[in-house]
Amino acid sequence: MTTVTSMKCACESCVCVVSISDAIEKNGKYYCSDACADGHPNGKGCEHHGCSCG
């Protein structure tokens, strides 16, 4: 059996892969940042290099 330790951020427009142990969990989904978890208030992105979500 394999255990999942990382996955793509649950934000649809985000390209980040996040470690489950470091992720922000909200409503059973895992996000790479508060901005993604909160639905990008004021258009703020996750600010990770190479990602243009928000």
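**Exercise 1. Start with D38: how exposed is D38, and what does D38 pair with?**

Step 1. D38 has 47% relative accessibility and counts as partly exposed; buried means under 20% relative accessible area, exposed over 50%, and partly exposed in between (1.4 Å probe, protein chains only). Before going on, note that this is a predicted model, where local features need pLDDT of at least 70, side-chain atom pairs count only at pLDDT 80 or more, and totals for chains, interfaces and linings use all residues. Residues are numbered from 1 along each chain as its sequence is written, and side-chain values use heavy atoms, with hydrogens and water left out.

Step 2. Look for a salt bridge, that is, a side-chain nitrogen of Lys or Arg within 4 Å of a carboxyl oxygen of Asp or Glu. D38 forms one with K26, with the closest N and O atoms 3.1 Å apart.

Step 3. D38 lies in the segment after helix 1 (34-37) and K26 in strand 3 (residues 24-26), so the pair ties together parts that are 12 residues apart in sequence. Helices (H or I, at least four residues) and strands (E, at least two) are DSSP runs, numbered from the N terminus.

Step 4. Now the partner: K26, at 34% relative accessibility, is partly exposed.

**Exercise 2. What is the sign of phi at N42, and where does N42 lie?**

Step 1. Phi of N42 is near 55°, a positive value in a residue other than glycine. Most residues other than glycine have a negative phi.

Step 2. N42 lies in the segment after helix 1 and is exposed, at 86% relative accessibility.
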